Amino acid sequence: MKKEYNINEVANIFNITTNKIRYYEKKGLIKPLRDENNEYRIFDKNHIMTLQAILLYRTIGLSINDIKEILTSNSNSNYLNHFNKQWGIINGEIHRLSGIRKSLEGIIDDLYEADGCNINNNILDIIEKTYKLDNIKNNWKDKWNFDSWAKTYDVSVKEDRGNLKIYKNYNLILENVFNLVERLNINYPSILEIGVGTGNLASKFLKNNYNIIGIDQSREMLSVAKEKYPKLKVRLGEFLKIPYGDKCFDVIVSTYAFHHLNNSEKSIAIEEMIRVLKDNGKIIIGDLMFENKQDEDNVIKDLSLEQIEEIRDEYYSHIDFLEGEFKKFNKELTYKRIDDFNYIVCID
Ligand SMILES: C[S@@+](CC[C@H](N)C(=O)[O-])C[C@H]1O[C@@H](n2cnc3c(N)ncnc32)[C@H](O)[C@@H]1O
């Protein structure tokens, strides 16, 4: 390999313009040497490799700023930080675009069937629905700050210092969810856990050689899970924008996570779970719930103000609501009560 190159030679190697190289230099991504006599730029082997990396990073959509930060340190955590961020952006775009594609499909079908009638209002309705759906999907925020809880989560589950003692049956619930999947007797099921947290449920599957992947919206939770269980596959991902294609999984499991979505969000999350579930796939959710409004009133009337506040800070499901939502997809829901607040629902 030649040792030094001028800017035209470099531009030829990569089939790019010299302006592009000057732009990357101006943005601080690359710093060529200068010829002492005429100030012309000189590129060595390292500059060539850096430029190749910059161009490749651009092909996956990384911003100039992100690339600049990636180039400053080749530590794993620096890479993870930027690639996870990009994963989130790309996943958001895929969801946005597939929402638009779905609404265009609806509009085109309506137009073919309209046979000359004016369906202008239908078109606008379809577009508005897509817009509203996108808004709900993008507006979910982690108001509990799980990132800051990640390192102490396991201890706080053990100590269970909250007013409601929601974790008193934690191990029993996780064990039950695992056993229910075992009893499904599916050959080599692909399992998705949503809200994997620090990996306590996933680890049971891992130990028994199941093919499981855990998603969570909290990078810190994922990092603790990975530290505890290096073999566990994890990805950044949300209930509302599951980062997988259609019909990928035989089973979806989740514990202590679904109650961070309100009812409109739950409906979308249910549609998302059904989307990524194979035909005849199963969903098993262990979470904080009431059977219905009446059950909630009954339980709440004996609670202290602090306890009620703790419930109101989250969105405990009503099982009759979930049942109705899953029915829309011809899915049957059965459930098991574990204690006043914890239930396990199975969707078949
Ligand atoms: C209370 S922890 C439970 C963790 C674990 N599943 C367990 O049973 O110990 C709730 C977890 O759900 C995750 N979570 C909450 N809302 C989520 C959402 N919309 N999408 C994905 N993960 C979510 C949080 O980041 C957190 O890791």
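## Close-up views of a predicted model

**View 1. The largest nonpolar core.** The largest nonpolar core (buried Ala, Val, Leu, Ile, Met, Phe, Trp, Tyr and Cys residues joined through side-chain atoms within 4.5 Å, where buried means under 20% relative accessible area with a 1.4 Å probe and protein chains only) has 74 residues, and those with the most contacts inside it are Leu192, Phe205, Val253, Phe258, Met273, Ile283 and Phe341. Strand β7, residues 277–290, supplies the largest share of this core, namely seven residues; strands are DSSP runs of E of at least two residues, and helices are runs of H or I of at least four, numbered from the N terminus. Another core, of 20 residues, lies apart from it and includes Val10, Leu51, Ile64 and Ile67. This is a predicted model, in which local features need pLDDT of at least 70 and side-chain atom pairs count only at pLDDT 80 or more, while totals for chains, interfaces and linings use all residues. Residues are numbered from 1 along each chain as its sequence is written, and side-chain values use heavy atoms, with hydrogens and water left out.

**View 2. The surroundings of Phe205.** Leaving aside neighbours within four places in sequence, Phe205 is in contact (heavy atoms within 4.5 Å) with Phe178, Val181, Ile191, Tyr210, Ile212 and Val253.

**View 3. Arg41 and its partners.** Arg41 is found in strand β2, which covers residues 41–42. Not counting residues up to four places away in sequence, Arg41 touches Tyr5, Asn6, Ile7, Arg22, Glu25, Pro32, Leu33 and Arg34.

**View 4. Ile100 in its helix.** Ile100 lies in helix α5, residues 76–114, and is partly exposed, between the 20% and 50% limits, with a relative accessible area of 33%.
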